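Please look through the sequence and the model shown below before reading on. The paragraphs that follow take up the aromatic rings and then the ligand with its surroundings.

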Amino acid sequence: MLASQRSTQLAPARPALATRTLTSSQCTRQSRKCRSVRAQAARATLMDTLVRPFTSLGQVANLKEGIASFYDQSSGLWEDMWGEHMHHGYYPQGTAPKSHQQAQVDMIDEVLKWAGVTGVTSMVDVGCGIGGSSRHIVRKFPGASAKGITLSPVQAKRANEITAGAGMGANASFQVADALAQPFPDSSFDLVWSLESGEHMPDKKKFVGELARVAAPGGRIIIVTWCHRVL
Ligand code: SAH
């Protein structure tokens with residue numbers, strides 16, 4: 001099991017996003033006031049979206065709703081800016097500059113190498129975003145198949161669209177489901193993958209319990225997550 005300590009230089013943080021705009025009649029023209037009102041509304045919307053998952057601690061239904069809504073709203077912009085991966089990059093010291101997108105792919109490869117993964121038959125991508133990890137791993141290990149789960153309907157739809165567009169629909173599919181109550185039988189996957197989703201889970205023991213439940217005997221569970229302290 002892996003918890004990344006992020007000793008690497010980090011890719012820029014997830015972008016601050018606000019996708020709703022003010023529809024007030026005050027804002028029918030591009031005056032300075034109008035721009036200021038729009039900016040305030042965008043900030044309010046952003047704060048609301050970002051804070052909701054944390055202010056509803058203890059209310060798991062609201063937390064899930066908040067996370068789903070955050071990713072529903074932000075994933076399109078994230079994809080436009082950064083592409084199919086929603087996680088940090090790998091930038092080993094002393095190496096040549098590279099694109100952030102390449103660094104994100106390198107992070108996946110480095111994690112697989114670190115965990116000694118040399119083959120994959122079937123994987124589950126827990127907190128899959130728009131499916132970037134699944135597609136990369138399925139391409140890397142021919143014959144592998146992937147199932148991904150996310151709380152965001154927008155992400156699941158987009159993940160399936162990109163995957164079908166890449167001709168990989170038979171090998172990878174994505175659905176809305178909760179990592180804490182996964183819709184898979186016991187012992188289903190030889191690779192259980194969670195890349196920067198664990199930090200969202202309100203019940204870490206249950207989360208790890210579910211990862212262990214769906215892992216096949218001898219399979220691998222890989223968790224890369226944000227930590228408050230070095231484990
Ligand atoms: N692993 C992806 C996405 C990381 S963003 C990538 O690296 O590209 C975090 C993801 O975790 C989002 O897809 C979000 O919907 C998902 N997530 C958060 N809590 C979840 C939960 N309880 N069940 C399933 N997915 C969850």
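A residue is called buried here when its relative accessible area is under 20%, with only the protein chains counted as cover. The model in view is a predicted one, and in it both Phe70 and Tyr71 are buried in that sense.

These residues lead on to the aromatic pairs, of which the structure holds three. The ring centres of Phe70 and Tyr71 lie 4.9 Å apart with their planes at 80°, and planes over 60 degrees apart count as edge-to-face, so this pair belongs to that kind. Another of the pairs joins Phe184 and Phe189, whose ring centres are 5.0 Å apart and whose planes stand at 90°, so this pair is edge-to-face; Phe184 is buried, and Phe189 is buried as well.

From the rings we can turn to the ligand, which sits in the largest cavity. Around the ligand there are 20 residues, the closest being Met86, Gly127, Gln155, Ala179 and Leu195. Sorted by class, this shell is made up of nine nonpolar, eight polar and three charged residues.

Which residues offer N or O atoms of their side chains to the ligand? Gln155 does so, with such an atom 2.6 Å from an oxygen atom of the ligand, and Asp178 does so too, with such an atom 2.9 Å from a nitrogen atom of the ligand. At Leu195 the partner belongs to the backbone, where a polar atom is 2.8 Å from a ligand nitrogen atom. Taken alone, the ligand exposes 570 Å², and the protein buries 99% of that area.

Technical notes: Residues numbered from 1 in each chain as written. Predicted model: local features only at pLDDT ≥ 70, side-chain atom pairs only at ≥ 80, totals over all residues. Heavy atoms only, no water. Near = heavy atom within 4 Å. Polar contact = N/O pair within 3.5 Å; in protein donor to acceptor, adjacent residues only side chain to side chain. Areas by Shrake-Rupley, 256 points an atom, 1.4 Å probe, with all protein chains shown as cover. 1 Å grid on protein atoms, 1.4 Å probe; cavity = no way out; pocket = protein on both sides within 12 Å on 5 of 7 lines; lining within 4 Å. Sits in = over half its atoms within 2 Å of the grid points. Nonpolar A, V, L, I, M, F, W, Y, C, P; charged D, E, K, R; others polar. Phe/Tyr/Trp six-rings, centres within 6.5 Å; stacked < 30°, edge-to-face > 60°. Buried < 20%, exposed > 50% of the residue type's maximum accessible area, 1.4 Å probe, protein only.
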